[in-house]
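Please look over the sequence and the fold below. The report that follows takes up a loop, a metal site and the elements around that site.

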Amino acid sequence: MTGPRIGRVVDLSHPLEDATPVYPGDPVARLRPAATLAVEGYNVLHVRMGSQTGTHVDAPYHFLEDGARIDELPLELFLGPAVVADVRGKPPHGRIGWADLAPCAERLAPGRMLLLWTGWDRHWGTDAYLDHPFLTGEAAERLVAAGVRTVGLDALSLDETVVGGEPAEGFAAHLAVLGAGGVIVENLRGLDALAGSDPIVSVLPLRLAGADGAPVRAVAFDVEA
Ligand SMILES: [Zn+2]
């Protein structure tokens with residue numbers, strides 16, 4: 001075979017199921033049979049969930065009244081070369097600042113996604129998952145200034161999560177990225193498989209009409225010439 005071909009494909013998505021953890025207050029996922037082989041002769045599920053359940057993308061409309069909805073955004077935001085920043089080793093509620101991103105700052109540019117590898121996906125399904133590290137508003141603004149419009153991480157939210165209250169910094173990181181017309185990818189997993197590589201990443205969301213966000217099947221892959 002001649003021409004380019006897809007090499008290794010890495011799944012960066014969590015399974016979507018009833019047990020999928022959600023942001024405090026968000027609807028939980030419920031998957032129930034709507035038709036079964038035994039009764040109707042075929043299987044169909046009734047799927048009920050919030051727009052931001054599991055591995056998903058936030059559109060600007062998530063926080064901004066006049067922000068673009070998920071189905072209005074250019075697909076280029078969801079597909080492209082990614083820079084993986086190793087920011088592991090943060091304590092619970094630890095801050096990820098610009099200094100943490102310095103080692104990869106030179107590779108940040110328009111058209112590049114930034115993925116924050118916090119390692120917090122190891123806490124998926126436990127209470128500790130809520131105590132994830134988060135990006136400071138200042139670091140988010142510098143990312144935007146560098147031209148980055150897609151920021152993802154392997155944790156629940158780009159901003160701090162405080163159960164029953166607002167985080168001290170509010171939603172500064174969300175507002176910086178979404179305010180620039182960018183998107184945020186949350187609840188990624190398995191970024192360790194990308195260490196030392198510059199993969200192409202796809203986080204194409206479902207085309208939910210008018211929505212603030214949508215679930216994605218996030219994958220990384222290599223293209224071999
Ligand atoms: Zn978000």
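## A histidine in a loop

Where is the place of His 93? His 93 sits in the loop between β5 (79-86) and β6 (95-96). The model is a predicted one. In it, His 93 has a positive phi of about 60 degrees, although it is not a glycine. With 29% relative accessibility, His 93 counts as partly exposed.

## The zinc site

Which residues coordinate the zinc ion? The donors are Asp 58 (OD), His 174 (NE2) and Glu 186, which gives OE twice. The distances run from 1.9 to 2.4 Å. Along the chain, the donors follow the spacing D-x115-H-x11-E. His 174 belongs to helix α3 (residues 172-179) and Glu 186 to strand β10 (residues 183-186), so this pair ties together parts that are 12 residues apart in sequence. Both His 174 and Glu 186 are buried.

The geometry of the site is irregular. The angles among the four donor atoms span 55 to 143 degrees. A tetrahedral label would require all angles to lie between 85 and 135 degrees, so this range rules it out.

## Strand β10 and its partners

Strand β10 has buried residues pointing both ways. Val 183 and Val 185 point one way, and Ile 184 and Glu 186 point the other way. Glu 186 is also the residue that gives the zinc ion its OE donors.

Two strands pair with β10. Strand β4 (residues 56-58) pairs with β10 in the antiparallel sense, over three bridges. Here Val 57 has Val 185 as its bridge partner. Strand β9 (residues 150-153) runs parallel to β10, and three bridges join them. Thr 150 has Val 183 as its bridge partner in β10. From β9 the chain crosses through α3 to β10, and this β-α-β crossover is right-handed.

## Helix α3

Which residues of α3 are buried? They are Ala 173, His 174, Ala 176, Val 177 and Leu 178. His 174 is thus a buried residue of the helix and a zinc donor through NE2.

The buried residues of α3 pack against three strands of the zinc region and its pairing, β4, β9 and β10. They also pack against β8 (134-135) and α2 (137-145). Just after the helix, Gly 181 takes a positive phi of about 80 degrees.

## His 56 in strand β4

His 56 lies in strand β4. Is His 56 buried or exposed? Its relative accessible area is 3%, so His 56 is buried.

The side chain of His 56 has polar partners. One is the side chain of Gln 52, in a polar contact at 3.1 Å. The backbone oxygen of Gly 54 lies 2.8 Å from a polar atom of the His 56 side chain. Leaving out residues up to four places away in sequence, His 56 touches Ser 51, Ile 184, Val 185, Glu 186, Asn 187, Ala 214, Pro 215 and Val 216. Among these contacts is Glu 186, a zinc ligand.

## Past the end of β10

Asn 187 is one of the residues that His 56 touches. The place of Asn 187 is in the loop between β10 and β11 (200-202). Its phi is near 60 degrees, a positive value in a residue other than glycine. Asn 187 has a relative accessible area of 2%, so Asn 187 is buried. His 93, by contrast, counts as partly exposed.

How values were computed: Residues numbered from 1 in each chain as written. Predicted model: local features only at pLDDT ≥ 70, side-chain atom pairs only at ≥ 80, totals over all residues. Heavy atoms only, no water. Donors = N, O, S within 2.8 Å, 3.2 Å for Na, K, Ca; no water. Tetrahedral: all angles 85-135°; square planar, octahedral: opposite > 155°, others 65-115°. Helix = DSSP H or I, 4+ residues; strand = E, 2+ residues; numbered from the N terminus. Buried < 20%, exposed > 50% of the residue type's maximum accessible area, 1.4 Å probe, protein only. Pairing = 2+ DSSP bridges. Right-handed = clockwise from strand over helix to strand, strands pointing away. Contact = heavy atoms within 4.5 Å. Polar contact = N/O pair within 3.5 Å; in protein donor to acceptor, adjacent residues only side chain to side chain.
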